[in-house]
Amino acid sequence: MQRQLSYAKAILEATDQAMSLCRDVVVLGQLVDTNAGIFGTTTGLVDKYGPERVQDFPVSENLMTATAMGASLAGLRPIIAHQRLDFMIYSLDAIVNWLALWRFKSNGHSAMPVTIRAVVGKGWGQGPQHSKSLHAWFAHLPGIRVAIPATAYDAKGLLLESIFGETPTIFVEGRGLYSMTDSVPEEPYRIRFGRAIIRKTGGDATIVALGMMVPVALKAAAILEAEGIHVEVIDPRTISPLDRKTICDSVRKTGRLLVADPAWRSFGAGAEIVASVTETVGEMLLAKPVRITLPDSHTPMSAALETQYYPNEGDLVDGVRALMAGDRLLIAGRA
């Protein structure tokens with residue numbers, strides 16, 4: 001039996017191995033040097049590598065990002081850890097006007113290999129200031145890579161790729177995934193950006209699921225399988241770059257597309273995926289694409305309202321059923 005590791009432990013192991021392999025790797029963040037270690041993802045690192053390489057930082061996200069940028073120009077490979085993605089908004093000036101532009105402005109002669117880890121909260125009353133899923137914001141920026149790993153295996157491989165790559169990376173982590181386990185090799189490995197993975201094969205419809213929606217999509221696929229509907233579940237793993245080819249090849253086969261994006265509906269990654277598919281293989285579609293997203297509203301703190309706010313496998317099942325019904329109506333209309 002292959003070794004099982006949780007998502008949080010996979011992040012910790014990737015960081016530990018990167019620091020062991022290269023003395024230039026350093027970790028900055030609020031409370032990264034505590035035993036809790038940002039939900040266990042940095043626990044014990046300060047004991048192993050010392051406070052010079054694992055540094056607690058004041059509550060000043062913009063300064064922390066600027067410090068990491070300067071450190072990277074001096075030859076280091078900083079990892080910044082934010083307890084919530086919402087908090088990194090304070091560093092938007094550093095990210096948008098400096099980090100994303102640096103290689104372009106230097107004509108490719110200088111790089112800032114900075115990895116920014118950002119946790120997205122969900123459930124148990126996170127509220128609107130601890131749960132924003134803003135991956136589409138950063139994917140919109142040239143010069144920034146964006147990863148949204150959904151499994152422990154991908155979390156480790158993509159994080160190592162981020163740390164040892166030359167392009168600054170936003171690494172989005174779903175807090176609800178931290179306890180989920182997966183088969184994770186003990187040795188270091190890297191997963192290239194821009195390579196989607198097919199989590200389940202099928203010929204009736206394509207579900208493209210991002211981040212926290214991947215396990216939800218697989219649950220929905222199991223329910224639909226019992227009904228005789230065989231869906232293909234694709235996990236892009238990164239949205240900048242985005243593996244459009246794998247997605248379009250799947251839709252070319254199935255003729256139907258549902259995108260499950262754990263973010264607001266308007267102007268999101270889901271819309272970009274739908275646009276890419278319709279522009280590339282639109283003539284192959286048998287039904288109008290469906291998007292399952294968060295509503296265009298801030299996250300409620302009430303547990304009862306949260307249940308209504310976040311999509312579940314039932315929403316995806318209904319969406320695929322609508323795709324199949326739309327197909328039948330289309331055929332009937334032609335007849």
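Which residues does glutamate 313 touch, not counting residues up to four places away in sequence? They are Val216, Lys219, Ala220 and Ile223. The legends below come back to that spot after a look at the whole chain, and everything shown is a predicted model.

**Figure 1. The whole chain, with 13 helices and 14 strands.**
Start here to get your bearings. The C-alpha trace spans about 70 × 45 × 40 Å along its principal axes. A compact globule of 335 residues would have a radius of gyration near 20 Å, and the chain has 20 Å, so the two agree. Of those 335 residues, 55% count as buried. If you take the contacts with a separation of 6 or more, 82% of them are between residues 24 or more positions apart. The accessible surface comes to about 14,400 Å², and carbon and sulfur atoms hold 56% of that. As for charge, there are 33 positive and 34 negative ones, and their mean positions are 3 Å apart.

**Figure 2. Glutamate 313 in helix H13.**
Back to the residue from the opening question. Helix H13 covers residues 313-334, and glutamate 313 lies in it. Its relative accessible area is 26%, so glutamate 313 is partly exposed: buried would need under 20%, and exposed over 50%. The neighbours to pick out here are Val216, Lys219, Ala220 and Ile223. Don't go looking for threonine 15 in this close-up: its C-alpha is 33 Å from that of glutamate 313, with the two positions 298 residues apart along the chain.

**Figure 3. Leucine 257 in strand E13.**
Strand E13 runs over residues 257-264. Leucine 257 has 0% relative accessibility, so it counts as buried. What surrounds the leucine? Setting aside residues up to four places away in sequence, leucine 257 touches Thr206, Val208, Val251, Val274, Val277, Pro289, Val290 and Leu323. Glutamate 232 is another handy landmark: it sits 25 residues from leucine 257 in sequence, and the C-alpha atoms are 9.6 Å apart.

**Figure 4. Glycine 270 in helix H11.**
This glycine belongs to a helix that takes in residues 269-281. Glycine 270 is buried because its relative accessible area is 1%, under the 20% cut-off. Beyond its neighbours up to four places away in sequence, glycine 270 touches Val259, Asp261 and Arg291. Isoleucine 292, 22 residues away in sequence, has its C-alpha 8.3 Å from that of glycine 270.

**Figure 5. Serine 133 in the loop between strand E5 and helix H7.**
The loop joins a strand at 115-120 to a helix at 135-139. Is serine 133 buried or exposed? It counts as buried, because its relative accessibility is 11%. Its side chain makes a polar contact with the side chain of histidine 135, at 3.2 Å. Leave aside neighbours within four places in sequence, and serine 133 is in contact with Val120, Pro262 and Ala263.

**Figure 6. Aspartate 93 in helix H5.**
Helix H5 is made of residues 92-99. Aspartate 93 has 41% relative accessibility, so it counts as partly exposed. Outside the window of four places in sequence, aspartate 93 is in contact with Asn62 and Trp98. Threonine 65 is 28 residues away in sequence, and its C-alpha is 9.5 Å from that of aspartate 93.

**Figure 7. Three backbone spots for anyone who likes torsions.**
A bit of background first: most residues other than glycine have a negative phi, and most peptide bonds are trans. The bond from serine 240 to proline 241 is cis, with omega near 5°. Proline 241 is found in the loop between strand E12 (238-240) and helix H10 (244-254). Phenylalanine 39, in helix H2 (residues 37-40), has a positive phi, near 60°. That phenylalanine counts as partly exposed, because its relative accessibility is 29%. Asparagine 107 also has a phi near 60°, and it lies in the loop between helix H6 (102-105) and strand E5. With a relative accessible area of 64%, asparagine 107 is exposed.

Note on methods. Residues numbered from 1 in each chain as written. Predicted model: local features only at pLDDT ≥ 70, side-chain atom pairs only at ≥ 80, totals over all residues. Heavy atoms only, no water. Helix = DSSP H or I, 4+ residues; strand = E, 2+ residues; numbered from the N terminus. Buried < 20%, exposed > 50% of the residue type's maximum accessible area, 1.4 Å probe, protein only. Polar contact = N/O pair within 3.5 Å; in protein donor to acceptor, adjacent residues only side chain to side chain. Contact = heavy atoms within 4.5 Å. Rg over C-alpha atoms; globule rule 2.2 N^0.38 Å. Areas by Shrake-Rupley, 256 points an atom, 1.4 Å probe, with all protein chains shown as cover. Lys, Arg positive; Asp, Glu negative; His and termini not counted. Charge placed at Lys NZ, Arg CZ, Asp CG, Glu CD.
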